[in-house]
Amino acid sequence: ITSLHLAYDIAANTWSTQAEVPTATALYAVAADVTRGVYYHVGGVTLTSSPATAKMYDPGTNTWTDLPPPSIVRIYHGAAVIEGKLYVAGGDSPAGTLINGEVYDFETRQWSPIAPPNRPRVNAQTAVVKDAAGNPYWIFVGGMTDPLNSVDVYDVRNNRWIQLDNSFSLVL
């Protein structure tokens with residue numbers, strides 16, 4: 001658990017120290033916001049607690065800003081910026097494994113629940129993709145609570161989860 005914050009410069013092949021994370025945490029989620037040129041640090045655990053926090057880091061000013069906290073404490077969860085909103089889902093909490101998610105709207109500065117996932121996802125791998133029509137989907141693969149080849153997809157525009165069948169395989 002650390003507040004150390006480093007940045008890697010690809011062109012120079014060097015690391016540099018940036019503004020420390022205000023609260024030293026581990027097991028948090030990070031989501032990049034390409035449009036705003038920032039990224040978000042959500043949830044996690046400190047040496048003494050699991051705070052419900054969300055912070056924004058601006059590399060242009062090297063500063064951290066607090067966002068309103070999400071409604072639920074999360075660790076081992078997923079986070080993504082999709083169509084200008086910050087989504088978090090799955091993970092664990094002090095009360096146990098979570099089967100829920102929420103979205104932060106930057107215009108209203110409010111967190112709202114999203115449809116609950118089909119199953120718990122703790123430490124899943126996630127990715128955001130778009131179909132041929134440009135519709136965004138948030139993919140959750142595996143995790144500590146599911147086999148590697150189990151896949152759920154969040155249909156953002158329809159606020160629903162789709163459970164993919166067993167035809168998905170990582171074996172070639």
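## Starting at Leu27

Leu27 is partly exposed, with a relative accessible area of 33%. That value falls between the 20% mark for buried and the 50% mark for exposed, so Leu27 belongs to neither group. Please keep in mind as you explore that this is a predicted model.

Where along the chain should you look for Leu27? Its place is in the loop between β2 (14-17) and β3. Leaving aside neighbours within four places in sequence, Leu27 is in contact with Gly44, Val45, Ile75, Tyr76 and His77. Val128 makes a useful landmark: Leu27 and Val128 are 101 residues apart in sequence, and their C-alpha atoms are 20 Å apart in space.

## The largest pocket

Leu27 also helps to line the largest pocket. The volume of this pocket is about 160 Å³. Beside Leu27, the lining takes in Tyr28 and Ala29, then Tyr76, His77, Gly78 and Ala79, and finally Asn123, Ala124, Gln125 and Thr126. Tyr76 and His77 are thus lining residues that also appear among the contacts of Leu27.

Two strands, β7 (78-82) and β13 (125-130), each supply at least two residues of the lining. What is the chemical make-up of this lining? Six of its residues are nonpolar, five are polar and none is charged.

## Two nonpolar cores

Let us turn to the interior. The largest nonpolar core has 15 residues, and those with the most contacts inside it are Tyr40, Val42, Leu67, Leu86, Tyr104, Phe106 and Trp111. Two or more residues come from each of β3 (29-33), β4 (38-42), β5 (54-58), β7 and β8 (85-89). Which strand gives the largest share? That is β4, with three residues. A second, separate core has 13 residues, including Ile82, Val103, Ile114 and Trp161.

Two members of the largest core are worth a visit. Tyr104, leaving aside neighbours within four places in sequence, is in contact with Leu67, Pro68, Lys85, Leu86, Arg109, Gln110 and Trp111. Phe106 lies in the loop between β11 and β12. Its relative accessible area is 18%, and because buried means under 20%, Phe106 counts as buried. With the same kind of sequence neighbours set aside, Phe106 is in contact with Arg36, Tyr40, Leu67, Gly84, Lys85 and Leu86. Phe106 and Lys85 are 21 residues apart in sequence, with 6.6 Å between their C-alpha atoms.

## Two hairpins

Next come two pairs of strands. β5 and β6 (residues 63-66) run antiparallel and are joined by four bridges. Within this pair, Met56 has Thr65 of β6 as its bridge partner. The two strands form a hairpin with four residues between them, and Asn62 in the turn has a positive phi of about 55 degrees.

Strands β11 (residues 101-105) and β12 (residues 110-113) also pair in the antiparallel sense, over four bridges. Here Glu102 stands opposite Pro113 in β12. This hairpin has four residues between its strands, and Arg109 in the turn has a positive phi of about 55 degrees. Arg109 is one of the contacts of Tyr104.

## Backbone angles in the loops

Most residues other than glycine have a negative phi. Which way does phi point in Asn13, positive or negative? Phi of Asn13 is positive, near 55 degrees. Asn13 is found in the loop between β1 (6-9) and β2. With a relative accessible area of 54%, Asn13 is over the 50% mark and therefore counts as exposed.

Glu83 is another residue other than glycine with a positive phi, near 50 degrees. The loop between β7 and β8 holds Glu83. Its relative accessibility is 45%, so Glu83 counts as partly exposed.

## A buried glycine

One last stop is Gly142, in the loop between β14 (136-141) and β15 (151-155). Is Gly142 buried or exposed? Its relative accessibility is 0%, so Gly142 counts as buried. Gly142 and Asp152 are ten residues apart along the chain, and their C-alpha atoms are separated by 8.9 Å.

Terms used:
Residues are numbered from 1 along each chain as its sequence is written. This is a predicted model: local features need pLDDT of at least 70, side-chain atom pairs count only at pLDDT 80 or more; totals for chains, interfaces and linings use all residues. Side-chain values use heavy atoms; hydrogens and water are left out. On a 1 Å grid over the protein atoms alone, a cavity is a set of points where a 1.4 Å probe fits but cannot get out, and a pocket is an open set with protein on both sides within 12 Å along at least five of seven lines; lining residues have an atom within 4 Å of a point. Grid points are joined across faces, edges and corners, and a volume is the space filled by probe spheres set on the points. Ala, Val, Leu, Ile, Met, Phe, Trp, Tyr, Cys and Pro count as nonpolar, Asp, Glu, Lys and Arg as charged, and the others, Gly among them, as polar. A nonpolar core is a set of buried Ala, Val, Leu, Ile, Met, Phe, Trp, Tyr and Cys residues joined through side-chain atoms within 4.5 Å. Buried means under 20% relative accessible area, exposed over 50%, partly exposed in between (1.4 Å probe, protein chains only). Contact means heavy atoms within 4.5 Å. Two strands pair if DSSP finds at least two bridges between them.
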